[in-house]
Amino acid sequence: MPAQIISGTEIRKTILSELQTEVAHLKAEHGQVPGLVTILVGADPASMSYVTSKIKTAKDLGFKEVQENRDPDISEADLLALVESYNRDDSIHGILVQLPLPKHIDDQKILMAIDPDKDVDGFHPVNAGRLMIGGDAVKFPPCTPAGIQELIVRAGVETSGAEAVVVGRSNIVGKPIANLLFAKGPGGNATVTVAHTRTKDLAEHCRRADILVVAAGVPDLVKPAWIKPGACVIDVGVNRVGEKVSEKTGKTIAILKGDVDFEKAKEIAGSITPVPGGVGPMTITMLMRNTLNSLKYRIGLL
Ligand code: NAP
């Protein structure tokens, strides 16, 4: 039987509608809405496109949205001062600095300057530590891993006691999703293996997986024969493998492929995410949830 296709595009719509209801409730009951500032340095087209999507989603949800665009020659000291001004601003609950930053600015120094209680990307070491501790300590799980966990849970896949294999150990995907899956609690309690380039016999590890999360950035790395029949397969990979002309717009667009051979894998897996339209749409959605939760922490609702 072909797999259930886990549509991030559909799940995103459901979650955004839930968030919108919550925002309206917070406004009516507490007179406050979540505030998000997006800080963009320079005019890198990919960064501008990400920031534009974030701003639009925040506005659609009824958030207060502040946009700070700065020239690429801004000094590190001035950028630090800008971040600091939003650390002190009570109407702002989430601070997002779009990466990459120009070479003369130390990314880490800027990210470290964000108040961990406004770090809705979840990249600050304090939030990495909270994630490692798990349970109630977790405030802002990084957005892509949080989105992956949400897809698994909303697809009705049982994580408790499941064998989960994560391919990739990056700080933004592999390590945090492993933490979320083995943490005590709903959406967790899995037995997790983390694989990487030095793993011996990757195929054998994948074949054991009830839940297989692949975040390697290698097109078609995972072969259909590596998938356990009925497994839940989450393909995080986004690989540009060519270009084509869009039928809709007539513009040249990238052809994207995941890390899993989707067409063949969907005949074996129990459930699987497509690329695009799987994990991708969840990242900004979880950024919005983290920002909303930041306000809820502030006013004592969480
Ligand atoms: P990354 O920092 O390059 O990390 C890739 C990881 O995969 C590394 O740990 C690497 O192992 C491992 N790996 C690479 N090739 C492998 C192989 N042949 N066998 C086993 N392990 C292998 O990448 P990332 O930032 O985590 O992103 C991974 C993919 O997810 C990329 O395609 C990226 O575009 C995509 N992504 C998508 C979203 C989204 O949809 N919203 C968000 C983030 C990332 P070593 O540590 O040993 O080098």
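Axes here are lines fitted to C-alpha atoms, for helices over the stretch in contact, and angles run from 0 to 180 degrees between N-to-C directions. The model is predicted, so local features need pLDDT of at least 70 and side-chain atom pairs count only at pLDDT 80 or more, while totals for chains, interfaces and linings use all residues. Residues are numbered from 1 along each chain as its sequence is written, and side-chain values use heavy atoms, with hydrogens and water left out.

**Stop 1: helix 1 and helix 6**

Select helix 1 (8-30) and helix 6 (143-154); helices (H or I, at least four residues) and strands (E, at least two) are DSSP runs, numbered from the N terminus. The two helices pack at an angle of about 100°, and their axes are 11 Å apart. Helix 1 and helix 6 are therefore roughly perpendicular to each other, a term for angles of 65 to 115 degrees. Next, show the side chains in contact (heavy atoms within 4.5 Å). Helix 1 contributes Gly8, Ile11, Thr14, Ile15 and Glu18, and helix 6 contributes Glu150, Leu151 and Arg154. By class, this contact has 3 nonpolar, 2 polar and 3 charged residues; Ala, Val, Leu, Ile, Met, Phe, Trp, Tyr, Cys and Pro count as nonpolar, Asp, Glu, Lys and Arg as charged, and the others, Gly among them, as polar.

**Stop 2: the sheet of 3 strands**

Turn to the open sheet with strand order 3-2-4 and parallel pairing; two strands pair if DSSP finds at least two bridges between them. Strand 3 (64-70) and strand 4 stand at the edges with a single partner each, so one side of each has no neighbour in the sheet. Direction ignored, neighbouring strands are turned by 15° against each other on average. Between strand 2 (residues 35-41) and strand 4 there are 4 bridges, and Leu36 stands opposite Gly94 in strand 4. Add helix 2, which lies across strand 2, strand 3 and strand 4 at about 165° to strand 2. Helix 3 (residues 76-87) touches these three strands too, its direction making about 175° with that of strand 2.

**Stop 3: the sheet of 6 strands**

Here the open sheet has the order 1-11-8-7-5-6, again with parallel pairing. Its edge strands are strand 1 (4-5) and strand 6 (191-195), each pairing on one side only. Strand 5 (residues 163-167) is joined to strand 6 by 5 bridges, and Val166 stands opposite Val194 in strand 6. Select helix 7 (residues 174-182), which packs on the sheet and touches strand 5, strand 6 and strand 7 (211-214); its direction makes about 170° with that of strand 5.

**Stop 4: the pockets**

A pocket is an open set of points on a 1 Å grid over the protein atoms alone, where a 1.4 Å probe fits, with protein on both sides within 12 Å along at least five of seven lines; lining residues have an atom within 4 Å of a point. The largest holds about 1,900 Å³ of space, a volume being the space filled by probe spheres set on the points. To find its centre, select Tyr50, Val238, Gly280, Pro281 and Thr283, the nearest of its 48 lining residues. Helix 2 (45-61) gives the largest share of the lining, 5 residues.

The second largest pocket holds about 440 Å³. Gly135, Val138, Pro141, Gln149 and Leu180 are the closest to its centre among 20 lining residues. Helix 6, helix 7 and helix 10 each give two or more residues to this lining, and helix 10 supplies the largest share, 4 residues.

Notes: Angles under 35 degrees count as roughly parallel, over 145 as roughly antiparallel, 65 to 115 as roughly perpendicular and the rest as oblique.
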